[in-house]
Amino acid sequence: MARRESIDPAVVETLAKARSDGVTTVFDRASLTAPCPIGHNGACCSNCFMGPCRLIGKTDVGLCGATKATVAARNLAREIASGAAAHSDHGRDMALALLAAAEGDAPDYEIKDERKLAKVAQYLNVAVDGRAKEEIAKDVALAALGNFTSTKKEVDAVGQAPPKRQEIWRRLGVSPRGIDREIVEVLHRTHVGNDQDAEHILTQALRCAIGDGWGGSMLGTDISDILFGTPGPVAARANLGVLSEDEVNIVVHGHEPTLSEMVVAAVNEPELVEYARSKGAKGINLVGICCTANEILMRQGVPVVGNFLSQELAIVTGVVDAMVVDIQCIMQALVGVAEHYHTKVITTSPKARITGATHVEFDEHRALEIAREIVRLGIDNFPNRKEARIPAYTNHLVAGFSHEYINYMQGGAYRGSFRPLNDSIMSGRIRGAAGVVGCNNARVTQDDAHLYVVKELIKNDVLVVTTGCNAIACAKEGLLTPEVMDLAGPGLREVCQTIGIPPVLHMGSCVDNSRILTVLAQCATEGGLGEDISDLPVAGFAPEWMSEKALSIGAYFVASGVTTWMGVGSPVSNSDAVVNIITDVWKEKLGAAYYFEPDPEKAVKEALAHIDAKRRALKLEEYSPTRYATSAGYFPGDYLGSEEFERASYRRTQTA
Ligand code: BF8
């Protein structure tokens, strides 16, 4: 039986259109090209030109003598470094934008959130009293940039972690000294003939990943909040049905909010709306894909077209007049797909061009002017539309759960804290919490594992926080709404109803996984759940990961004390020694393990057992699914009985 490609009906419908249009997409290429069986599990070493050496069969060392363990560890370390570089370079760009804004060189940006500015100033040791916000912002930007190139013992941002975690990092020698430095050191150590002890190599990979999560990514998130506002709940819609038949559709795709926020401003300008009308359109419809979508969804409520595997299909609808891309997760194939339709693919980053695309280079000093130019290109392209078909699928969602808002919603402006959440976990109303994040991967059914993991967790009273492409999968399925309470276990449901939140909280883009770190740090220091993140009954998941960024995120979750299950397959399974290091050895050293488990059902089972073990270690009430919210069988609202609940519960697709 052929593998099911996606469980998203909008994707299935549009994929059929692509095929009847003679257009090839990632789904077809996944059938045509199998993953390289040697590189896939860490058996290939291409670190010098004596190779690549294939450590398979009777060959268990490379020409230089590098063992299976060294090769698998070096490959994983390099992948983590690349992911950390991507997130952190994004963070650096946000710091440069803040600097330009503070110095008056980027007139279209402003310091929107002064409270956040003061908070970031505090952890970067920047004085605030009696100073103008521009002065503070300039010093914050310079201090942030200094964290990348720091020559100190450790970067300032790491001070956000619970004290006990910081001690562990110092003891193990993994506290990052400079965000850039740790990335460079991974590349240096993994050069031929250098660090050749798998555990030692992977210790440096941890240091690099911590520099990403608690450094580059955290700075990226925090500075975005300063410039564009800290998110609070917003309602929006998701899936291919958000595209419009009679308006100019501009799709922003990529990761950085600097340009996309300006596009939001431009499409609302009356002159441009009028210009769109002059071309026969009813208006301008701005929508997003991947993490730049998450950024402007979280702050502006801009609708989301889809996640990673939906990007080509947006063009296949025939109604995308401009697809505006910046950095990361943008398929080169977009240009070829666009040739079959009328879409203009516009690259904008000085760091990322695609042969055949139109390039309009973004410059934060002229941000709005460039955004207007890009929008005009889309409008000019509207009359070129040919045959179009938009699948009639959208779902409602609520997003915008920054850690600041989660704090606020548990007591308001004056009494906000993590106390109610901690209390709910301690009493067993909530069994634990999980971060479910990460990509789509064309080797597995799109969104299937994502939705299975999330639905199983909330059914078992585990509160879910989500980011990245998992968040978009949840949005498309309607899981980011209070209506989904029917699928939550009774204790979790009661808590969510009391606070007025869905059981699945959208916390933002992949860089915003740093928000999850902040929530974990606050839960650990609030009291009652131990003193460190590794004491908490929590788990991490990336059920459909594919990018190096996902590996870095997984590694910094583990380094922070969160046992994490990555789906799809293992990039290190060629070496039992490396598998042992990242699971048992790291569990011993860091209090958390890094698992690669392709079976999501097994992963959820293991994670629930892990959460229960953490509860026992904290001597908390034993979790019982029937203790809470069962008084006379009454649930406020029109909820399902247990039989219907079982029937409505998500069944994972069986794939052959
Ligand atoms: O940074 S989840 S496919 S879009 S890498 Fe990319 Fe993966 Fe999606 Fe966002 Ni994150």
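1. A residue is called buried when its relative accessible area is under 20%. With that cut-off in hand, strand β4 of this predicted model can be read residue by residue: Val248, Ile250 and Val252 point one way from the strand, Asn249, Val251 and His253 point the other way, and all of them are buried. The strand spans residues 248-253, and six of its six residues are buried, so that under this cut-off β4 is mostly covered. In a regular strand the side chains alternate between the two faces of the sheet, and the two groups of residues in β4 follow such an alternation.

2. The neighbours of β4 can be named. Strand β5 (residues 284-289) runs parallel to β4 and is joined to it by six bridges, with valine 252 standing opposite glycine 288 of β5. Strand β7 (residues 320-325) also pairs with β4 in the parallel sense, here over five bridges, and the bridge partner of isoleucine 250 in β7 is alanine 322.

3. Which residues surround the ligand? They are His255, Cys290, Cys291, Phe308, Cys329, Gly438, Cys439, Cys469, Cys510, Met546, Ser547 and Lys549. Two of the side chains come into polar contact with oxygen atoms of the ligand: an N or O atom in the side chain of histidine 255 is 2.6 Å from one such oxygen atom, while a polar side-chain atom of lysine 549 lies 2.8 Å from an oxygen atom of the ligand.

4. The nickel atom of the ligand deserves a separate remark. Its only protein donor is the SG atom of Cys510, at 2.2 Å, and cysteine 510 lies in the loop between β13 (504-508) and α21 (513-526). Why is the arrangement around the nickel atom irregular? The four donor atoms subtend angles of 91 to 156°, and the arrangement is irregular because of that spread. For comparison, the ideal angle at a metal with four tetrahedral donors is 109.5 degrees.

5. Helix α11 (residues 290-300) is largely enclosed by the rest of the structure, because 10 of its 11 residues are buried. The buried residues are Cys290, Cys291, Thr292, Ala293, Asn294, Glu295, Ile296, Leu297, Met298 and Arg299, and among them Cys290 and Cys291 also belong to the surroundings of the ligand. Just after the helix, glycine 301 takes a positive phi of about 70°.

6. Backbone values that a reviewer would want to check come next. Most residues other than glycine have a negative phi, and most peptide bonds are trans. Cysteine 290, in helix α11, has a positive phi of about 60° although it is not a glycine, and at 1% relative accessibility cysteine 290 counts as buried. Lysine 619 likewise has a positive phi, near 60°, in a residue other than glycine; lysine 619 is found in the loop between α24 (600-617) and α25 (642-648), and at 74% relative accessibility it counts as exposed. The peptide bond from glycine 51 to proline 52 is cis, with omega near 0°, and proline 52 is found in the loop between β1 (44-45) and β2 (53-54).

7. The structure holds 10 aromatic pairs. In one of them, the rings of tryptophan 169 and tryptophan 214 have their centres 5.8 Å apart and their planes at 65°, so the pair is edge-to-face. This pair links distant parts of the chain, since tryptophan 169 sits in helix α6 (residues 163-172) and tryptophan 214 in helix α8 (residues 198-228), 45 residues apart. Tryptophan 169 is buried, with a relative accessible area of 0%, and tryptophan 214 counts as buried at 0% relative accessibility. Phenylalanine 401 and tyrosine 405 form another edge-to-face aromatic pair, with 6.0 Å from centre to centre and 65° between the planes; here phenylalanine 401 counts as buried at 2% relative accessibility, whereas tyrosine 405 is partly exposed, with a relative accessible area of 24%. In addition, Trp545, Trp586, Tyr594 and Phe596 form one aromatic cluster.

8. A last point concerns helix α8, in which glycine 211 lies. At 1% relative accessibility glycine 211 counts as buried, and its C-alpha atom is separated by 33 Å from that of lysine 619, which is 408 residues apart from glycine 211 along the chain.

Notes:
Residues numbered from 1 in each chain as written. Predicted model: local features only at pLDDT ≥ 70, side-chain atom pairs only at ≥ 80, totals over all residues. Heavy atoms only, no water. Donors = N, O, S within 2.8 Å, 3.2 Å for Na, K, Ca; no water. Tetrahedral: all angles 85-135°; square planar, octahedral: opposite > 155°, others 65-115°. Helix = DSSP H or I, 4+ residues; strand = E, 2+ residues; numbered from the N terminus. Buried < 20%, exposed > 50% of the residue type's maximum accessible area, 1.4 Å probe, protein only. Pairing = 2+ DSSP bridges. Near = heavy atom within 4 Å. Polar contact = N/O pair within 3.5 Å; in protein donor to acceptor, adjacent residues only side chain to side chain. Phe/Tyr/Trp six-rings, centres within 6.5 Å; stacked < 30°, edge-to-face > 60°.
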